[in-house]
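Please open the model in your viewer and keep the sequence panel beside it. The tour below proceeds by selections, each followed by what is to be found there.

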Amino acid sequence: MGLQENIEAGAHVAVKRPALMRQQAFIAGHWCDADSGETMAIIDPATQRNIGHVPLMGGEETTRAIAAAVSAQRDWERVPARERAAMVARLGQLMVEQADELAVIMTLEQGKPLHQARQEVVYGASYFKWYAAEAPRITGAVHPVADPGKHIEITKIPIGVTAAITPWNFPIATVARKLAPALAVGCAQIVKPAPTTPFTALAIAHLAERVGCPAGLISVLTGDAAAIGAELTSSADVRMLSFTGSTAIGRKLYADCASTIKKVALELGGNAPFLVFEDADLDAAVDGLMTAKFRNMGQVCIAPNRVMAHESVFDDFRDRLREKIATLTVGPGLDDRDQGPLATQTNFDKVRRHVKEALERGATLVLGGGPHELGGWFYQPTILTDVPRGCSMTCEETFGPVVALSRFANEKEAIATANDTPYGLAAYFYTSDVARERRIADRLQSGMVGANCGAIGTPAAPFGGIKQSGIGREGSTFGLEEFLEAKYICRPLITAAD
Ligand code: ADP
């Protein structure tokens with residue numbers, strides 16, 4: 001970057017950098033630099049300009065965070081559940097109060113339009129509120145006569161120190177889903193946010209400090225993912241890892257956790273089908289697809305990746321969809337249009353590669369089809385039809401604003417194609433036939449199903465996948481269980497004298 005650009009970048013950030021944007025990591029209740037003093041630059045995807053730095057940490061700093069977590073854990077798990085819940089609720093409340101500022105931070109580092117960033121902050125906060133209400137209701141069980149002469153008591157105990165490794169597409173929601181239940185049930189957590197989006201996680205640590213979170217209970221580490229990950233996975237003191245990210249890295253972390261028999265919760269990739277049957281309300285289906293697909297520029301693990309319409313409604317659906325997508329406005333996230341830039345160079349390259357490959361192999365271009373005239377990592381909202389089977393976009397997540405639309409002849413074919421993937425995270429379909437609705441919901445091999453519905457995320461429901469999309473759930477009481485162990489105490493049954 002030349003001098004002039006540096007000056008401009010500095011000015012750009014000085015105007016926009018919010019007070020909550022911390023440029024140090026948070027360990028054992030202290031804001032710290034890396035032992036080496038090294039930092040890494042964070043850039044704004046809209047301008048590709050430097051918006052700040054965070055410490056480039058590795059294994060040593062991670063070891064210190066783990067030691068602090070072990071000590072904080074001992075006290076925190078003894079704090080009465082309602083007191084823990086009160087702090088968790090206050091943190092959620094503070095996030096809502098600071099939503100505007102948190103949203104600016106998220107947009108600056110991740111690129112999404114400001115209104116979507118704000119929605120994500122409020123959505124993330126809802127996990128803190130939900131778990132604050134839910135955790136004090138955890139109960140155990142007593143079986144006085146299940147086994148002759150024995151009194152069987154089962155309690156739920158916090159699993160211990162936990163680690164969270166999170167991705168860049170939802171920098172607050174993915175942290176909230178892990179941190180809120182962990183804190184609420186009595187666990188410490190070490191958070192390693194994605195390298196490109198650390199500032200929102202650091203801002204949460206800052207807010208946690210403000211609500212009186214004990215030192216060491218939350219640490220946020222920035223830096224070398226592999227070195228931090230190696231320490232977190234190999235430490236016997238870390239009893240559980242909650243990860244959201246790619247299947248490839250999830251597989252590696254799962255294997256690494258085996259050495260210390262750590263519990264894992266893995267939210268991995270998807271390849272969501274979206275089926276539109278001949279009896280569907282087509283406008284509702286278009287709206288559902290717009291919601292599911294174009295949020296966060298399509299960089300969503302549950303975004304539909306394979307859209308299939310019955311051949312009798314295919315043309316009509318395509319035309320209605322084209323009309324809607326053509327109205328989408330594109331611009332820097334801070335300008336708050338419908339679509340921002342893609343968040344990383346890697347993702348921009350992947351989207352471009354997928355579309356180019358599909359077109360070269362004979363797909364039909366309906367709309368868009370390449371980088372946006374704004375340049376940088378902006379990409380045009382795109383529709384392709386008849387993408388040949390075997391193209392990358394039919395079997396991998398494209399993670400961009402690209403709809404690949406194909407047709408099916410009957411229900412059997414639709415289901416077979418939808419399930420023909422090693423993934424099973426989310427699936428969507430639209431029909432107005434009640435019997436079919438039940439049948440399809442039943443047969444889709446997927447952890448989550450949107451039946452005439454394009455927005456499925458809520459703290460009250462278990463978020464997660466089957467097959468190679470993951471292990472475990474986030475949200476709801478299922479998400480709470482990930483951070484708990486069942487402890488069984490056996491006593492001789494004392495029978496009362498007559
Ligand atoms: P994405 O494709 O969304 O970037 P990744 O799986 O590469 O997904 O990244 C998700 C998270 O996993 C990020 O926080 C990233 O830094 C982290 N990560 C990547 N490689 C490793 C690793 N070897 N050990 C621990 N964490 C890692």
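Begin by selecting strands E8 and E9 (residues 218–220), which pair in the parallel sense over three bridges; strands here are DSSP runs of at least two residues (E), helices are DSSP runs of at least four (H or I), and both are numbered from the N terminus, while two strands pair if DSSP finds at least two bridges between them. Within this pairing, glutamine 189 has isoleucine 218 of E9 as its bridge partner.

Before going further, note that this is a predicted model, in which local features need pLDDT of at least 70 and side-chain atom pairs count only at pLDDT 80 or more, whereas totals for chains, interfaces and linings use all residues. Residues are numbered from 1 along each chain as its sequence is written, and side-chain values use heavy atoms, with hydrogens and water left out.

Add helix H7 (residues 199–210) to the selection: E8, H7 and E9 make a right-handed β-α-β unit, right-handed meaning that, with the strands pointing away from the viewer, the path from the first strand over the helix to the second runs clockwise. Next select strand E7 (residues 161–165), which pairs with E8 in the parallel sense over four bridges, with valine 191 of E8 as the bridge partner of alanine 164. E7, helix H6 (residues 173–185) and E8 also make a right-handed β-α-β unit.

Now show the side chains of E8 (residues 189–192), where Gln189 and Val191 on one side and Ile190 and Lys192 on the other are all buried, that is, under 20% relative accessible area with a 1.4 Å probe, protein chains only.

Move on to helix H14 (residues 411–419), whose buried residues include Ile415 and Ala418. The buried residues of H14 pack against strands E12 (272–276), E13 (304–310), E16 (402–408) and E20 (466–467) and against helix H15 (434–443). At the N-terminal end of H14, asparagine 410 acts as a cap, with a side-chain oxygen 3.2 Å from the backbone nitrogen of lysine 412.

Then select the open sheet of three strands in the order E5-E6-E22, with antiparallel pairing. Its edge strands, E5 (141–143) and E22 (484–492), each pair on one side only.

Finally, colour by pLDDT, the predictor's confidence in each residue from 0 to 100: the mean for the protein is 95, and 96% of its residues reach 70 or more. Over residues 1–15, however, the pLDDT is below 50. Where pLDDT is low, the predicted coordinates should not be read in detail.

Methods. Buried means under 20% relative accessible area, exposed over 50%, partly exposed in between (1.4 Å probe, protein chains only). Contact means heavy atoms within 4.5 Å. A polar contact is a pair of N or O atoms within 3.5 Å; within protein, one must be able to donate a hydrogen and the other to accept it, and residues adjacent in sequence count only if both atoms are side-chain atoms.
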